[in-house]
Amino acid sequence: MVLALGVLVAAYAAWYAVLALGFPLGRIVNGVLDDSFYYLQVARHVAMGHGSTFDGVEPTNGYHPLWMLLLVPVCALTRGDAAWGVRLALVLSGLLGVATLWRIRSLLLRAAGPACAAAALLLFAWPRFFWQTADLMESSLLLFLQVVLLARWAASPPGEDRPLATGVWLGLACLARLDSVFLLAAWALVAARGAGAGSRA
């Protein structure tokens with residue numbers, strides 16, 4: 001069963017590769033969200049040295065910064081080729097998707113056994129879940145960071161883990177999507193509550 005879990009993750013990796021590199025560009029474009037092209041256009045301008053701008057004239061900061069930061073080297077690598085920019089951005093999303101699935105596999109394997117881990121990986125094939133990691137938005141990055149944080153929470157409750165490392169992961173989650181500040185606030189509240197309970201014991 002453990003081997004089957006690895007095969008499932010490998011199958012997802014192969015599907016991401018086919019999606020990014022094998023599909024005609026028109027089908028790819030029709031399958032991703034419109035806002036992803038806002039990210040790619042701004043990243044292309046940044047990579048070309050024009051600064052953070054969508055139209056090359058007016059500056060903008062209307063995006064979640066960490067995903068944009070990851071897209072800039074993608075656009076620099078493709079040297080402004082829009083088609084390859086889309087494909088390599090999908091490769092990046094796919095890598096994050098596979099990393100997320102591997103973390104889910106490891107987390108559930110320890111916590112609930114191989115059958116539960118296999119069920120979760122199979123459920124991920126439902127398009128509603130899969131496309132969250134292939135829409136060329138910040139979703140794949142955010143899901144990866146949230147699963148990392150969930151694994152840290154499962155390993156040791158907030159306030160009992162390594163606070164510096166956890167703070168870095170929480171900070172990255174906030175940069176991946178700015179409304180993750182609520183996750184940061186919830187984590188801090190649970191940690192403070194745990195610290196208060198410990199001091200009273």
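# Briefing on an all-helix predicted model

D179 is partly exposed, with a relative accessible area of 39% (buried means under 20% relative accessible area, exposed over 50%, and partly exposed in between, with a 1.4 Å probe and protein chains only). The model is predicted, so local features need pLDDT of at least 70 and side-chain atom pairs count only at pLDDT 80 or more, whereas totals for chains, interfaces and linings use all residues. Residues are numbered from 1 along each chain as its sequence is written, and side-chain values use heavy atoms, with hydrogens and water left out.

**Overall architecture**

- The protein contains 10 helices and zero strands (helices are DSSP runs of H or I with at least four residues, strands are runs of E with at least two, and both are numbered from the N terminus).
- Read from the N terminus on, the order of elements is α-α-α-α-α-α-α-α-α-α.
- The C-alpha trace spans about 60 × 45 × 25 Å along its principal axes.
- The protein has 201 residues, of which 38% count as buried.

**The salt-bridge network**

- Two salt bridges are found in a search of the whole structure (a side-chain nitrogen of Lys or Arg within 4 Å of a carboxyl oxygen of Asp or Glu).
- In general, side chains of opposite charge can pair when their charged atoms come close.
- One salt bridge joins the side chains of E138 and R177, at 2.5 Å from N to O.
- E138 belongs to the loop between α7 and α8 and R177 to the loop between α9 (163-176) and α10 (181-200), so this pair ties together parts that are 39 residues apart in sequence.
- The two partners sit in unlike surroundings: E138 counts as buried at 4% relative accessibility, whereas R177 counts as partly exposed at 27%.
- R177 also meets the side chain of D179 in a salt bridge, at 3.2 Å from N to O.
- Through shared partners, the salt bridges join E138, R177 and D179 into one network.

**The largest pocket**

- The largest pocket holds about 190 Å³ of space (a pocket is an open set of points on a 1 Å grid over the protein atoms alone, where a 1.4 Å probe fits and protein lies on both sides within 12 Å along at least five of seven lines; lining residues have an atom within 4 Å of a point).
- That volume is the space filled by probe spheres set on the points, which are joined across faces, edges and corners.
- The lining of the largest pocket is formed by T100, L101, I104, L108, A120, L123, F124, F129, Q132, L143 and V147.
- The elements that give two or more residues to this lining are α5 (82-111), α6 (114-123) and α8 (139-155).
- The largest share, four residues, is supplied by α5.
- By character, the lining residues divide into nine nonpolar, two polar and no charged (Ala, Val, Leu, Ile, Met, Phe, Trp, Tyr, Cys and Pro count as nonpolar, Asp, Glu, Lys and Arg as charged, and the others, Gly among them, as polar).

**The loop between α7 and α8**

- W131 is placed in the loop between α7 (127-130) and α8.
- At 31% relative accessibility, W131 counts as partly exposed.
- Together with W15 and V18, W131 forms a nonpolar patch on the surface, and the three share about 250 Å² of accessible area (patch residues have over 30% relative accessible area and no salt bridge, and nonpolar side chains of Val, Leu, Ile, Met, Phe, Trp or Tyr are joined within 5 Å; areas come from the Shrake-Rupley method with a 1.4 Å probe, and for residues only the protein chains shown count as cover).
- The C-alpha atoms of W131 and V32 are separated by 8.5 Å, although the two residues are 99 residues apart along the chain.
- L136 is also found in the loop between α7 and α8, and L136 counts as buried at 1% relative accessibility.
- The phi angle of L136 is near 65°, a positive value in a residue other than glycine.
- Most residues other than glycine have a negative phi.

**Positions in and after helix α3**

- Q41 lies in helix α3 and is partly exposed, with a relative accessible area of 24%.
- From C-alpha to C-alpha, Q41 and G85 are 9.7 Å apart in space, with their positions 44 residues apart in sequence counted as their separation.
- F54 is located in the loop between α3 (35-47) and α4 (65-78), where F54 counts as partly exposed at 38% relative accessibility.
- F54 and F130 are 76 residues apart in sequence, and their C-alpha atoms are 29 Å apart in space.

Key:
Patch = residues over 30% accessible without salt bridge, like charges linked within 9 Å, V, L, I, M, F, W, Y side chains within 5 Å.
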